[in-house]
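Let's take a walk through a protein fold together. Have a look at the picture first, and then we will follow the chain step by step.

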Amino acid sequence: MACCNQLASCKTCRLAGDAIRASACGDVAGLRTAKIFSTHELAQPAVIIAPHADDEVLACGGTIIQKLRAGAEITVIFITDSSRSHVRWIKPTSMSWTRKQEAIAAADVLGLDKDRLVFLDFPETHLASYRKMVINRLAVILCKSISPALKAGAGELQVFIPYRYDLNIEHKLVNELAWIAIQKMPVPAAVFEYPVWFFNQWPWAAGKVRTPAQLFGRVGQFIHSRRQLRRDFTMAVAIKYVIQQKAGALLAYHSQVSRPIGQQKYPVLGDVADGRFLRSFFREHEIYHQANLQDQVGEK
Ligand SMILES: [Zn+2]
């Protein structure tokens with residue numbers, strides 16, 4: 001898994017090490033009880049909707065591996081062109097191309113054929129201008145994913161979408177648009193919402209506290225986020241035994257996990273909260289909020 005000789009400073013190497021150590025690091029902090037996906041549930045076909053290339057691995061990488069092993073058919077839809085994560089360093093057109101190649105390489109590590117990836121290429125950070133187009137494209141793909149067997153009631157299509165209260169605005173928007181598209185499907189789907197930037201807060205990750213006011217704010221955040229975790233994330237997929245494969249898939253995203261040589265200020269995922277954010281994705285379970293339409297406008 002080592003990628004270079006600079007083990008002390010290379011974020012990619014640190015990430016791989018973190019991921020492997022995390023497999024013995026227990027579960028998501030604060031998770032009380034969650035129903036584990038059964039073999040039957042793992043075998044159901046799925047569409048995974050990712051706002052950006054890497055979300056599918058971070059949030060659902062272990063689930064994709066487990067579902068493929070159970071014989072499920074999986075499609076991954078990337079909504080944006082993932083072009084603007086490092087605009088100070090890499091031109092959007094170049095980053096978009098790079099992340100597409102990385103997504104294909106990551107899928108290969110997960111065991112997913114590149115034919116199962118759909119890149120919609122809506123411009124990152126400008127998604128709100130394309131709401132109707134996003135909904136229509138999603139609805140078409142979702143409807144195409146319903147096989148005659150599913151229409152006849154043999155099994156259920158699972159759709160994985162970002163968590164409605166994720167802390168990233170584009171993830172929240174994709175949640176909203178995906179729900180509208182899901183309502184256009186001719187048969188009901190099982191919808192699972194996954195957290196990504198939700199983990200970038202107390203108690204999982206946070207910056208240093210310097211003032212009493214900050215401490216007060218963080219305690220409130222802690223109580224709120226733990227309550228959301230316990231209320232919403234009641235489904236989980238066990239990933240302990242596939243965690244290294246998941247780490248390998250994430251490492252395919254070089255542009256997100258490793259700094260170019262000589263670019264010490266280039267931010268990587270391992271920088272967020274000193275690595276605590278990233279470790280949230282390498283626990284024993286990937287967790288999901290099994291949601292339905294009635295929950296959509298719920299209490300936050
Ligand atoms: Zn994202």
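What follows starts with the sheet, moves on to its strands and helices, and ends with one residue.

Keep in mind as you look that this is a predicted model. A good place to begin is the sheet. Eight strands form it, and it is an open sheet with mixed pairing. If you read across it, the order is E1-E7-E8-E6-E5-E2-E3-E4. At the edges you will find strand E1 (35-36) and strand E4 (117-122), each of which pairs on one side only. Helix H4 (residues 92-110) packs on this sheet, where it touches strand E3 (74-80) and E4. The direction of H4 makes about 160° with that of E4.

Now let's look at E3 and its two partners. On one side, strand E2 (residues 46-50) runs parallel to E3, and five bridges join the two. You can locate this pairing by finding Ala46, which stands opposite Ile74 in E3. To get from strand to strand, look for helix H3 (residues 55-69): E2, H3 and E3 make a right-handed β-α-β unit. On the other side, E3 and E4 are also parallel, joined by four bridges. Here Thr80 has Phe122 in E4 as its bridge partner. The chain crosses from E3 through H4 to E4, and this β-α-β crossover is right-handed. How many residues of E3 are buried? Seven of its seven residues are, which leaves the strand mostly covered.

Next, move along the sheet to E6. Why is strand E6 (residues 190-194) described as largely enclosed by the rest of the structure? The reason is that four of its five residues are buried. One partner of E6 is strand E5 (residues 158-162), which runs parallel to E6 and is joined to it by five bridges. Within that pairing, Pro162 stands opposite Tyr194 in E6. Together, E5, helix H7 (residues 169-182) and E6 make a right-handed β-α-β unit. Another partner of E6 is strand E8 (residues 285-291), and these two pair in the antiparallel sense over three bridges. Two partnerships are handy to look for here: Phe192 has Gln290 in E8 as its bridge partner, while Val191 has Ala291.

Having met H7, we can ask how it sits against another helix. Two packed helices are described by the angle between their axes and the distance between the axes. Helix H5 (residues 131-144) and H7 pack at an angle of about 50°, and their axes are 8 Å apart. That angle makes H5 oblique to H7, and the crossing of the two helices is right-handed. On the H5 side, the residues that meet H7 include Val134, Ile135 and Leu138. On the H7 side, Leu177, Ala178 and Ile180 are among those that meet H5.

Finally, zoom in on Ile161, which has its place in strand E5. Is Ile161 buried or exposed? It has 28 C-beta neighbours inside 10 Å, so Ile161 counts as buried; the cut-off for buried is 20 or more. Leaving aside residues up to four places away in sequence, Ile161 touches Ile49, Val174, Asn175, Ala178, Val191 and Glu193. There is also a nice example of folding up here: Ile161 and Ile48 are 113 residues apart in sequence, but 6.4 Å apart in space, C-alpha to C-alpha.

Key. Residues numbered from 1 in each chain as written. Predicted model: local features only at pLDDT ≥ 70, side-chain atom pairs only at ≥ 80, totals over all residues. Buried ≥ 20, exposed ≤ 12 C-beta atoms within 10 Å, placed from the backbone. Pairing = 2+ DSSP bridges. Right-handed = clockwise from strand over helix to strand, strands pointing away. Axes fitted to C-alpha atoms, helices over the stretch in contact; angles between N-to-C directions. Parallel < 35°, antiparallel > 145°, perpendicular 65-115°, else oblique. Left-handed = near helix turned anticlockwise from the far one by under 90°. Contact = placed C-beta atoms within 7 Å.
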